[in-house]
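Dear colleague,

I am passing on the structure below, and my notes on it follow. Please read them alongside the coordinates.

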Amino acid sequence: MPRARAHVNITASIEGWQYALIVGLSEIRKCKFSSALQYLLKLGYVKLSELVEQQCFEGEEQELLKRLVEEIRSKRNK
């Protein structure tokens, strides 16, 4: 059964290179701007998870990021 997605309109200020990255990725993957952004967010989450598991952060930052990763993981697994 596919998961329901929440559709949220977001207004954000991004730099030119960030916009170019998302547009370029959408052209390469032949997808919408929003799908390219979702893909980048998933990649970012995967990398953050790896860094947290490798304990690349210190102290409170490590603990807060670890909780964030666990919270996201629990929401993805529902």
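Gln55 sits in the loop that joins α2 to α3, where helices (H or I, at least four residues) are DSSP runs numbered from the N terminus. Its phi is near 55 degrees, a positive value in a residue other than glycine, and Gln55 is exposed, with a relative accessible area of 61% (exposed means over 50%, buried under 20% and partly exposed in between, with a 1.4 Å probe and protein chains only). This is a predicted model, in which local features need pLDDT of at least 70 and side-chain atom pairs count only at pLDDT 80 or more, while totals for chains, interfaces and linings use all residues. Residues are numbered from 1 along each chain as its sequence is written, and side-chain values use heavy atoms, with hydrogens and water left out.

In the loop between α1 and α2 lies Lys30, whose phi is likewise positive, near 55 degrees, and Lys30 is exposed at a relative accessible area of 74%. Most residues other than glycine have a negative phi.

The largest pocket (on a 1 Å grid over the protein atoms alone, an open set of points where a 1.4 Å probe fits, with protein on both sides within 12 Å along at least five of seven lines) is lined by 27 residues, with Ala6, Ser34, Leu37, Gln38 and Leu41 nearest its centre; lining residues have an atom within 4 Å of a point. The elements giving two or more residues to this lining are α1 (16–29), α2 (33–53) and α3 (59–76), and α2 gives the most, with 11 residues.

Best regards
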